[in-house]
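Here is a short lesson in reading a fold. Keep the picture open while the learner and teacher talk.

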Amino acid sequence: MTRASLDPDNWDALRAQGHRMLDDMIDYLEQIRERPVWQAIPADKRVLFEQALPSQPTDLAAVHASFMADILPYAVGNAHPGFMGWVHGGGTAVGMLAEMLAGGLNANVGGRDQMPVEVERQVVRWMRELFQFPASASGVFVTGTSIANFMAVLVARVALLGSSARGQGVRVSDGELTVYTSAAAHGSIAQAVEMAGLGRASLRKIGVDGRQQIDVAALAAAIGADRAAGRRPFLLVASAGTVDVGAIDDLRALAALAQRESLWLHVDGAYGAMGMLSPHIAPRLAGIELADSIAFDFHKWGQVPYDAGFLLVRDGAQHQAAFASPAAYLARETRGLAGGSPWPCDFGPDLSRGFRALKTWMTFKVYGSERLGRSIDQSCRLAQYLGAAIEAHAALELMAPISLNIVCFRYRCGQADSINRQIVADLHESGIAAPSTTTIAGALVIRAALVNHRTSEHDIDRMLVAVVAAGARRCAPPDHQGIA
Ligand SMILES: *Cc1c(COP(=O)(O)O)cnc(C)c1O
């Protein structure tokens, strides 16, 4: 009879191979500065991934060699200190090792009486402490803030309409439900409203001021107009760190308004909420402790490897009421493995769930919250350093105030949008640095989001030198453009 188990025939050989794989990844992180941030995938590499389903085995050593040659060099590069695009965390070696431990354990953290669930509960308690939420608050790991924002809409809906909304949907509401956020809010808010079945038309995107913070007076007026028209305002989504410029809404004012208007206040703190770890940033987030729910990621400013999103809800009972389902095969007991109710699966749509809590728990344990806070401070200091360098350079122009760690600027030139777009692509292809782009007041700008704990002044200097060189190359002065 052929053996059906997938365990190795030779554990010693597996062990030696495993150690080589671990060494390779430690080398990768140790020597990452010597690599390009990113490189384009050559066509002959891309086709390697179009092969048919392999029916026969291949040696692990050969598959690992393929990973090293064909996959690792062509990743997005967010572990690299020159990566400044979008909002990506850098990860840590500790997080990587925690992933290995979690992979070996292969715990399904949907529920049951097991210590991995206690590890997740420990992180929930830590987050209650960090955000000054009450002991009755609940929390749950999810893939990322996009899903956490979606779940918050569902919790707010059940909190408003009661559990009959789970059976009858929004039909039970007398009056159309409306949601409020700012024009600078992340796209996942509109998507969450859409996925919840409310329809994008029920979302009001309120204007922002010059600092990209929601206009509170316009918000109050929009709520009033909807009420006057017989609609039912129920949810306000504030931003704590907008994706374009890192703006933080006036959370205290929004909490007061939400209280007056009986709205659920949800804070999208995807990357900014971790600013609570820094004594310098935390005061800027004042009012976040008054929210009904907060969505955030450990995988951005928290430097935990992807993915590790989180939803924290002030009233754990309301959170559970939105998701818990009675199913015979999920029956809870007072003793044995089926004990320990409520389970993480009672707080979200996922039943089977990985052990994301371990890499987060281990990151906090090993580094401590103060050191993580210092890396957040450092990225804000680097943003100021970059801003000062931009203002000191005649060819460069700062395009938005620097709120936290995001710097929007451009190279001054006639065809500014297309030139700056090309400068960014030139930088990506050079492998020196990887900022991204966004649009501010109709202008395409270069956007450097400093999130990675490995980034230093040296990386900022290299990026700026490369921007100026690419700009000078792309933007010929007028007397060179054949005007004569
Ligand atoms: C990144 C981000 C999101 C989405 O989070 P994911 O973890 O990518 O799903 C939502 N809002 C803001 C402000 C973000 O920066």
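The dialogue below goes from the whole chain to one sheet and then to the cores.

Q: What should I take in at the start, and how many helices and strands does the chain have?
A: Start with the source: this is a predicted model. Then take the inventory. The chain has 14 helices and 12 strands. Its C-alpha atoms fill a box of roughly 80 × 75 × 45 Å along the principal axes.

Q: What radius of gyration does the chain have, and what would a compact globule have?
A: Set the value against the rule for chain length. For 484 residues, a compact globule would come near 23 Å; the chain has 25 Å, so the two agree. Burial adds to this: 49% of the residues count as buried. Sequence separation is another check. Among contacts with a separation of 6 or more, 73% join residues 24 or more positions apart.

Q: How do I read a sheet? What is the strand order in the open sheet of 5 strands?
A: Read across the strands, not along the sequence. The order is β1-β11-β12-β10-β9, and the pairing is mixed. β1 (83-84) and β9 (396-398) each have a single partner strand, so they stand at the edges with one side lacking a neighbour in the sheet.

Q: Which way do β11 and β12 run, and how many bridges join them?
A: Look at direction, then count bridges. β11 (residues 434-440) and β12 (residues 443-449) run antiparallel, joined by 5 bridges. One pair to find is T437 with I446 in β12. β12 also pairs with β10, antiparallel, over 4 bridges. There, I406 has A449 as its partner. On to β9: 3 bridges join it to β10, again antiparallel. L398 stands opposite F409 in β10.

Q: Is β10 buried or exposed?
A: Check each face of a strand. On one side of β10, I406, C408 and R410 are buried; on the other, V407, F409 and Y411 are buried too. With 6 of its 6 residues buried, β10 is therefore largely enclosed by the rest of the structure.

Q: Which helix lies across β10?
A: Look for a helix packed over several strands. Helix α14 (residues 457-474) lies across β1, β9, β10 and β12, at about 25 degrees to β10.

Q: Which residues touch the most other members of the largest nonpolar core?
A: Look for the hubs. In this core of 72 residues, they are M127, F131, I294, F296 and F298. Helix α12 (residues 356-391) gives the most, with 7 residues. Take M127: its contacts include M274, F310, L312 and F364. Another core lies apart, with 33 residues, among them M151, A156, V179 and A192.

Methods. Residues numbered from 1 in each chain as written. Predicted model: local features only at pLDDT ≥ 70, side-chain atom pairs only at ≥ 80, totals over all residues. Heavy atoms only, no water. Pairing = 2+ DSSP bridges. Helix = DSSP H or I, 4+ residues; strand = E, 2+ residues; numbered from the N terminus. Contact = heavy atoms within 4.5 Å. Axes fitted to C-alpha atoms, helices over the stretch in contact; angles between N-to-C directions. Core = buried A, V, L, I, M, F, W, Y, C linked by side-chain atoms within 4.5 Å. Buried < 20%, exposed > 50% of the residue type's maximum accessible area, 1.4 Å probe, protein only. Rg over C-alpha atoms; globule rule 2.2 N^0.38 Å. Lists of a residue's contacts leave out its neighbours within four places in sequence.
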